[in-house]
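Me: Please give me a close look at the strands, how they pair, and the backbone of the turns and loops beside them. I would like one connected account rather than a list.

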Amino acid sequence: MSENIERFKTLILGSGPAGYTAAIYAARADLKPVVYTGMEPGGQLTTTTEVENFPGYPEGIDGPTMMVQLQQQAERFGTDVRIGMATAVEFSDEPGGIHKVTIDDSKVVEAETVIISTGASAKYLGLPSEQRLRGGGVSACAVCDGFFYKGQDVAIVGGGDTAAEEASYLAKICKSVTMLVRKDHMRASKAMQNRVMNISNIDIRFNTEIDEVLGDQVVEGLRMVNNQTGEKEEIAITGLFIAIGHKPNTDIFKGQLDMDETGYILTPGKSTKTNKPGVFASGDVQDKDYRQAVTAAGTGCMAALDAERYLAEVESPEEVEEA
Ligand SMILES: Cc1cc2nc3c(=O)[nH]c(=O)nc-3n(C[C@H](O)[C@H](O)[C@H](O)COP(=O)(O)OP(=O)(O)OC[C@H]3O[C@@H](n4cnc5c(N)ncnc54)[C@H](O)[C@@H]3O)c2cc1C
């Protein structure tokens, strides 16, 4: 090993619930983990105010506070948390091989195991009024934030399966759901289309886009535009859900790790193992179905346990087999 290159037992990429939970478990197993936080220290939950569904917080907790506490818990057992972003990787194909990761385009570090917890970013429309009101009524997660709009009028944007599923979820909680679909048809499966079309408090507007989200501090309404006729209409709503998809943060792993067609890392079966020995993935980066903090934390725990077992196996294969 070159003198200048640091080598870790466990390197964790990402500082969301998955990364920090992996760190807590890895640190307690004496794997001396190093976490690189990426550009969003604390992950997606730092963009939300109230988290009410993470077990252990009966009064709820605000996202940034929860993530500081997770970091502190990881540090308490010796995790080394560093600001920095992985910009390139070179994973070994050999069991027991050493993986190389470039940080911030400038420094290479080596690791016996790597846990990828780089998350997935929700896509937004990019309208200035939408961006201004994120956290003030604009959300990209109906399951997370729908409850705050109980009994109120809301709107959702999108025409895929996720949008349809989230619209039917919201319809159970909210008074009315206006669903804006850009095209003259929905991309969602026929079954999902039938489901939303048969829910009486969902009003589907085809060929319709957002012209502007209305409201100063919080969402008060929506100006919609029909993209065929140019006709505009304003409706009063308090919540706007953007359901136009997520992008997993996996660009730097392309060509090295197996992924599905949308870029989620594949971890077949009941494990967090990728196709490279010693490389594991946890959290939203490998889960397009649930995308919740508690499920991300759960797979973070699994990844650390998988890494620990892998290291034990490559260090003393006979002992592991006998056990
Ligand atoms: C507005 C909003 C509200 C939400 N509310 C809730 C809620 O109430 N309850 C709930 O359970 N879930 C909620 N969620 C979902 C929840 O935030 C995610 O499911 C969870 O954060 C996923 O955790 P993760 O660790 O997989 O990834 P993330 O939280 O996305 O963290 C990814 C981490 O990876 C880092 N990273 C990215 N690329 C790199 C790289 N190249 N190198 C190093 N690091 C990198 C980022 O900086 C970040 O720290 C909400 C999501 C949003 C957007």
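Reply: A residue is called buried when its relative accessible area is under 20%, exposed when it is over 50%, and partly exposed in between, using a 1.4 Å probe and protein chains only. By that standard Asn 207 is buried, because its relative accessible area is 17%. The model is predicted, so local features need pLDDT of at least 70 and side-chain atom pairs count only at pLDDT 80 or more, while totals for chains, interfaces and linings use all residues. Residues are numbered from 1 along each chain as its sequence is written, and side-chain values use heavy atoms, with hydrogens and water left out.

Asn 207 sits in the loop between S11 and S12 (strands are DSSP runs of E, at least two residues, and helices runs of H or I, at least four, numbered from the N terminus). Its backbone deserves attention, for the phi of Asn 207 is near 50 degrees, a positive value in a residue that is not a glycine. Most residues other than glycine have a negative phi.

On one side of this loop is strand S11 (202-205), an edge strand that pairs on one side only, as does strand S8 (138-139). Both belong to an open sheet of five strands in the order S8-S15-S9-S10-S11, with parallel pairing (two strands pair if DSSP finds at least two bridges between them). Within that sheet, strand S9 (residues 153-157) runs parallel to strand S15 (residues 239-242), and four bridges connect the two. Here Ala 155 is placed opposite Leu 240 of S15.

On the other side of the loop, the pairing that follows is antiparallel: strand S12 (residues 208-214) is joined by six bridges to strand S13 (residues 221-226). Ile 210 has Met 224 in S13 as its bridge partner. The hairpin that S12 and S13 make has six residues between the strands, and in it Gly 215 adopts a positive phi near 135 degrees. S13 then pairs again, this time with strand S14 (residues 232-236), also in the antiparallel sense and over five bridges. In this second pairing Arg 223 stands opposite Glu 234 in S14. The hairpin of S13 and S14 has five residues between them, and the turn includes Gly 230, whose phi is positive at about 80 degrees.

A useful counterpart to Asn 207 is Asp 105, found in the loop between strand S5 (99-103) and strand S6 (107-116). Although Asp 105 is not a glycine, its phi is positive, at about 60 degrees. Its surroundings read otherwise, since Asp 105 counts as exposed because its relative accessibility is 65%, whereas Asn 207 is buried at 17%.

One further loop residue completes the picture. Leu 127 lies in the loop that links strand S7 (120-122) to helix H3 (128-132), and Leu 127 is partly exposed because its relative accessible area is 23%. Between Leu 127 and Glu 112 there are 44 Å from C-alpha to C-alpha, with a separation of 15 residues in the sequence.

Taken along the chain around Asn 207, then, the account moves from the parallel sheet with S11 at an edge, through the loop that holds Asn 207, into the antiparallel pairing of S12 with S13 and of S13 with S14.
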